[in-house]
Amino acid sequence: MASEKKLDCVILGLLSHEELTGYEIKKRMDTALKYFWGASYGSIYPTLAGLVERGLANKREAGENKRNKIIYTITEEGRCYLKEWLRQPIEKDELRYETLLKLFFGNEEGPEQALRHIGAFREKIMQELPYLLGAEKVLKEHLDEDTTHRYYLLTVEFGIRTYRTYLEWCDEAERMLKDGADGKMEKGAGGADETSVETEDTVEGAEAEEKGAGCNEK
């Protein structure tokens, strides 16, 4: 199923829990779904129009503060469409991180730049982890109020464990790069000492030969 078709199901999934405006759908995308799915307004509103046209969702206008807003609800046909998608096998789970891509080619720039990328990645994870921990707390407090909360909690727990593993990886990656850089420095320093000793031995040997040659001439 193409990405735009999956967006149909993402929106229907949100509408299956509650009626929403396009703005509210975007807000859910940027919060509850941000760790595994996203979409722009430019994709959401055409998709909503398509869902209404196909009879998978309904829309109605509601006045609020002298401004009309359009509220979308899922239809029975839309719910059947969503359930059919949920029964299908997973097509692809995708993990794409520019941090890892740049680390893969990191030898070209060296450990200092790689360490900066890892530090930035760690900072991003540290900023986002509290949101997941907060969501976990709220969902556990209201777990029995709605059966959907149990499924939401599963995704939050996955995120928390993943992010904690990311932080452990950051520690190990930084240690590996720093140890490697220190090892190169030590090796370089040792090589310089050995070269210096070899040079001194060569000079002393040449001086001895010159003295020996002078004695023979005499």
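I take contact to mean heavy atoms within 4.5 Å, and I began with one residue on that basis. Leaving aside neighbours within four places in sequence, I found Ile 25 in contact with Ile 11, Leu 14, Leu 15, Leu 20, Ile 44 and Leu 48. I keep in mind throughout that this is a predicted model.

**Entry 1: the overall layout**

I then stepped back to the whole chain, and I noted 7 helices and 3 strands in the protein, which follow one another along the sequence in the pattern α-β-α-α-β-β-α-α-α-α. The protein has 218 residues, of which 27% count as buried. The surface that the protein exposes comes to about 15,900 Å², and carbon and sulfur atoms supply 53% of it. I also looked up how far the contacts reach in sequence: among those between residues at least 6 apart, 57% join residues at least 24 apart.

**Entry 2: the nonpolar cores**

Which residues of the largest nonpolar core touch the most other members? I listed Ile 11, Leu 15, Ile 25, Met 29 and Ile 44, out of the 20 residues in that core. At least two residues of this core come from each of helix 1 (3-15), helix 2 (22-30), helix 3 and strand 3 (67-74). Helix 1 gives the most to the core, with 7 residues. Apart from this core I found another, made of 16 residues, and I wrote down Ile 118, Phe 121, Ile 125 and Leu 143 as being among them.

**Entry 3: Trp 169**

Two residues named for that other core, Ile 118 and Phe 121, came up again when I turned to Trp 169, which lies in helix 7. Not counting neighbours within four places in sequence, Trp 169 is in contact with Leu 100, Leu 103, Ile 118 and Phe 121. For the pair Trp 169 and Ile 118 I noted a separation of 51 residues in sequence and a C-alpha to C-alpha distance of 9.5 Å in space. Is Trp 169 buried or partly exposed? Its relative accessible area is 30%, so I recorded Trp 169 as partly exposed.

**Entry 4: Glu 174**

In helix 7 (residues 148-217) I also looked up Glu 174. The relative accessible area of Glu 174 is 16%, and because the cut-off for buried is under 20%, this glutamate counts as buried. The side chain of Glu 174 makes a polar contact with the side chain of Arg 122, at 2.5 Å. Once residues up to four places away in sequence are left out, Glu 174 touches Leu 115, Ile 118, Gly 119 and Arg 122.

**Entry 5: salt bridges**

How many salt bridges does a search of the whole structure find? The search gave 16, and I followed up several of them.

In one, the side chains of Glu 91 and Lys 6 meet, with 3.7 Å from N to O. This pair links distant parts of the chain, since Glu 91 sits in the loop between helix 4 (76-87) and helix 5 (98-104) while Lys 6 is in helix 1, 85 residues apart. The two partners are covered to unlike degrees: Glu 91 is partly exposed at 48% relative accessibility, whereas Lys 6 is buried at 17%.

In another, Glu 157 forms a salt bridge with Lys 140, and the closest N and O atoms are 3.7 Å apart. Glu 157 lies in helix 7 and Lys 140 in helix 6 (residues 111-141), so the pair ties together parts that are 17 residues apart in sequence. Here Glu 157 is buried, with a relative accessible area of 19%, and Lys 140 counts as partly exposed at 47%.

I noted next that Lys 92, Glu 94 and Arg 96 are joined into one network by salt bridges that share partners. Within it, the closest N and O atoms of Arg 96 and Glu 94 are 3.9 Å apart, and both of these residues are exposed.

**Entry 6: a patch on the surface**

Last, I looked up a nonpolar patch on the surface, and I found one of about 330 Å², made by Tyr 23, Tyr 41 and Tyr 45. Of these tyrosines I checked Tyr 41, which has its place in helix 3 (residues 41-53). The relative accessibility of Tyr 41 is 34%, so I entered Tyr 41 as partly exposed.

Technical notes:
Residues numbered from 1 in each chain as written. Predicted model: local features only at pLDDT ≥ 70, side-chain atom pairs only at ≥ 80, totals over all residues. Heavy atoms only, no water. Patch = residues over 30% accessible without salt bridge, like charges linked within 9 Å, V, L, I, M, F, W, Y side chains within 5 Å. Areas by Shrake-Rupley, 256 points an atom, 1.4 Å probe, with all protein chains shown as cover. Salt bridge = Lys/Arg side-chain N within 4 Å of Asp/Glu carboxyl O. Helix = DSSP H or I, 4+ residues; strand = E, 2+ residues; numbered from the N terminus. Buried < 20%, exposed > 50% of the residue type's maximum accessible area, 1.4 Å probe, protein only. Polar contact = N/O pair within 3.5 Å; in protein donor to acceptor, adjacent residues only side chain to side chain. Core = buried A, V, L, I, M, F, W, Y, C linked by side-chain atoms within 4.5 Å.
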